[in-house]
Amino acid sequence: MMEILSRISATDCVKLCHRVVDGLCGREPPCRSDYSTTWSLEEWLQLLDFLTSLFRLAVGNDIPDEEVLAKLSDADHSHAEAVLSILRARWEEIRRALLDRTSSISSATLQDFDWQLKLALSSDKISSLNTPLLSLCLDVRENGALRPITMELNREEVSTLISSLEAANKVVLQLK
């Protein structure tokens, strides 16, 4: 992938990487028309995806310089150093953009929670129930107001909740 980056000078590589970071941070991304004679549309999209993913991954996972350079091993030294220098220089800005993007998914945040495990022995309809139930109390802050949410879940509902939370965690990790 990085060998196609070598079609431009190291100086132009720095400019391109700055524009990629700008796009990642919500500003003007690089313009395809500026590079249409250098790369095909497919190469352009692959390069943008690679650089954006690299910046997100490096900052989101706090990857050391050596690992970043290993991912850039296809590029010549000057281009790899150019990408790394942009990453170092704009690390905090990228981190803030990733955090803003992650936190903008929802305005609600979990402040606290409490849980109890209960055993329902019977109900008004069934004399012998013996069903475990999880009583879950969530304190959610939304738009400055604290809102309590209480729910009672059976075993299947707890499994569904856990699966949903694991899926949400995967999405959050991908956004980093």
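## Trp-39 and the nonpolar core

Let's start with Trp-39 in this predicted model. Setting aside residues up to four places away in sequence, Trp-39 touches Ile-4, Leu-5, Arg-7, Ile-8, Leu-16, Arg-32, Trp-44 and Leu-47. One of those partners, Leu-16, sits in helix α1 and is buried there.

Trp-39 and Leu-16 also turn up together in the largest nonpolar core, which has 32 residues. Along with Phe-55 and Val-83, they are the members that touch the most other members. As for who supplies this core, α1, α2, α4 and α5 each put in at least two residues, and α2 gives the most, with eight.

## Helix α1 and its cover

Helix α1 runs over residues 10–24, so to speak a 15-residue piece. From first C-alpha to last, α1 reaches 21 Å, close to the 21 Å expected at 1.5 Å a residue. Just after α1 comes Gly-26, with a positive phi near 90°.

Which residues of α1 are buried? They are Cys-13, Leu-16, Cys-17, Val-20, Val-21, Asp-22 and Leu-24. The cover over these buried residues includes α2 (41–60), α4 (77–89) and α5 (91–103).

## How α1 meets α4

Now for the pairing of α1 with α4. Their axes come within 9 Å and cross at roughly 30°, and the crossing is right-handed.

On the α1 side, the residues in this contact are Ala-10, Cys-13, Val-14, Cys-17, His-18 and Val-21. They meet Ser-78, His-79, Ala-82, Val-83 and Ile-86 of α4. By type, the contact splits into eight nonpolar residues, three polar and no charged. Several names here are familiar: Cys-13, Cys-17 and Val-21 are among the buried residues of α1, and Val-83 is one of the core members with the most contacts to other members.

## Arg-90, a buried loop residue

Arg-90 lies in the loop between α4 and α5. Buried or exposed? Arg-90 counts as buried because its relative accessible area is 9%, below the 20% cut-off.

Leaving out neighbours within four places in sequence, Arg-90 is in contact with His-18, Val-21, Asp-22 and Arg-27. Of these, Val-21 and Asp-22 are among the buried residues of α1, while His-18 and Val-21 also take part in the contact with α4.

## Ser-135 in strand β2

Over in strand β2 we find Ser-135. With a relative accessible area of 10%, Ser-135 is buried too. What does Ser-135 touch, beyond its neighbours within four places in sequence? The contacts are Asp-114, Trp-115, Gln-116, Lys-118, Met-151 and Glu-152. Met-151 and Glu-152 fall within the β3 range, 145–153.

## Two positive phi values in loops

Most residues other than glycine have a negative phi. Asp-62 goes the other way, with a positive phi near 50°. Asp-62 sits in the loop between α2 and α3 (65–71) and is exposed, with a relative accessible area of 57%.

Asn-143 is another non-glycine residue with a positive phi, this one about 55°. Where is Asn-143? The place is the loop between β2 (131–142) and β3 (145–153). Asn-143 counts as exposed because its relative accessibility is 69%, over the 50% cut-off.

Technical notes:
Residues are numbered from 1 along each chain as its sequence is written. This is a predicted model: local features need pLDDT of at least 70, side-chain atom pairs count only at pLDDT 80 or more; totals for chains, interfaces and linings use all residues. Side-chain values use heavy atoms; hydrogens and water are left out. Helices (H or I, at least four residues) and strands (E, at least two) are DSSP runs, numbered from the N terminus. The expected span of a helix is 1.5 Å times one less than its number of residues. Buried means under 20% relative accessible area, exposed over 50%, partly exposed in between (1.4 Å probe, protein chains only). Contact means heavy atoms within 4.5 Å. Axes are lines fitted to C-alpha atoms, for helices over the stretch in contact, and angles run from 0 to 180 degrees between N-to-C directions. A crossing is left-handed if the near helix is turned anticlockwise from the far one by less than a right angle, and right-handed if clockwise. Ala, Val, Leu, Ile, Met, Phe, Trp, Tyr, Cys and Pro count as nonpolar, Asp, Glu, Lys and Arg as charged, and the others, Gly among them, as polar. A nonpolar core is a set of buried Ala, Val, Leu, Ile, Met, Phe, Trp, Tyr and Cys residues joined through side-chain atoms within 4.5 Å.
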